[in-house]
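Q: I am new to this model and would like a close look at one part of it. Could you take me through a single region slowly, and explain each term as it comes up?

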Amino acid sequence: MEYKHHSLTNSPASSPACSTRSFMKTAVIYARYSSDNQTEQSIEGQLRVCQDYAERNDILILKTYIDRAMTGTNDNRPDFQQMIKDSEKKKFEHIIVYKIDRFSRNKYETAKYKKILKDNGVKLLSAMENIPDTPEGIILES
């Protein structure tokens, strides 16, 4: 049996017409602050940390969703709802948040929306919390 070596430099993926971005993980960022005590600077800080996280993990950010002066105790947040709806289109693989409490402060809604996202092929990532995707991770989130 003869084995032929195929050079990667001759493969279509290495041609200038192909973008390496097509092989990168994709994500959106969700940022939120809840009250007048917090400011736009709070959002900027969240975005900076999430963008740094994405860069360190070779994740391409496609869009940013921001809810300003909105509580995290319910899901009545316009950009949050739009992000969930957009996840159905399967254009991104991850949602990056500063911390899980930016996604939701209601444990029931967190579980409900994480299930919807999972069904849409999307995983929630926290830039500041190392939460494993295991049963132990569920306990850590509580």
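A: Isoleucine 95 stands opposite leucine 124, a residue of strand β4, where strands (E, at least two residues) and helices (H or I, at least four) are DSSP runs numbered from the N terminus. The model is predicted, with local features requiring a pLDDT of at least 70 and side-chain atom pairs a pLDDT of 80 or more, while totals for chains, interfaces and linings use all residues. Residues are numbered from 1 along each chain as its sequence is written, and side-chain values rest on heavy atoms, with hydrogens and water left out.

The strands β3 and β4 (residues 123–126) run parallel and are joined by 4 bridges, and another 4 bridges join β3 to β1, again in parallel. Two of the facing positions between β1 and β3 can be named: tyrosine 30 stands opposite valine 97, and isoleucine 29 has isoleucine 96 as its bridge partner. Taken as a whole, the sheet is open and has 4 strands in the order β2-β1-β3-β4, with parallel pairing; two strands count as paired if DSSP finds at least two bridges between them. At the edges are β2 (59–67) and β4, each of which pairs on one side only, and from one strand to the next the twist averages 30°. Helix α2 packs on this sheet, where it touches β1, β2 and β3, and the direction of α2 makes about 145° with that of β2. Such angles run from 0 to 180 degrees between N-to-C directions, the axes being lines fitted to C-alpha atoms, for helices over the stretch in contact.

Both faces of β3 are covered, since His94 and Ile96 on one side and Ile95 and Val97 on the other are all buried; buried means under 20% relative accessible area, exposed over 50%, and partly exposed in between, with a 1.4 Å probe and protein chains only. Ile95 and Val97 also belong to the largest nonpolar core, which has 15 residues and in which they are listed with Tyr30, Phe80, Met83 and Phe103 as having the most contacts. A nonpolar core is a set of buried Ala, Val, Leu, Ile, Met, Phe, Trp, Tyr and Cys residues joined through side-chain atoms within 4.5 Å. At least two residues of this core come from each of β1 (25–32), α2 (78–87), β3 (94–97), α3 (100–103) and α4 (107–119), and the largest share, 3 residues, is supplied by α2. Apart from this core lies another one, of 14 residues, including Ile29, Cys50, Tyr53 and Ile96.

Phenylalanine 80 touches Tyr30, Asp67, Asp75, Phe103 and Tyr113, when residues up to four places away in sequence are not counted; a contact means heavy atoms within 4.5 Å. One of these neighbours, aspartate 75, meets lysine 112 in a salt bridge of 4.0 Å, N to O, a salt bridge being a side-chain nitrogen of Lys or Arg within 4 Å of a carboxyl oxygen of Asp or Glu. This pair links distant parts of the chain, with lysine 112 in helix α4 and aspartate 75 in the loop between β2 and α2, 37 residues apart. Lysine 112 is partly exposed, because its relative accessibility is 32%.

Aspartate 101 takes part in two such pairings: one is with arginine 102, the closest N and O atoms being 3.1 Å apart, and the other is with arginine 105, at 3.2 Å, N to O. Arginine 102 has a relative accessible area of 6% and is therefore buried, whereas arginine 105, at 46%, is partly exposed. Elsewhere, Lys63, Asp86 and Lys89 are linked in a network of salt bridges, and a search of the whole structure finds 6 salt bridges.

A word on confidence belongs here: the protein chain averages a pLDDT of 82, and 73% of the residues score at least 70, pLDDT being the predictor's confidence in each residue, from 0 to 100. Over residues 1–21 the pLDDT is below 50, and this stretch has 6 contacts in the model beyond near neighbours in sequence.
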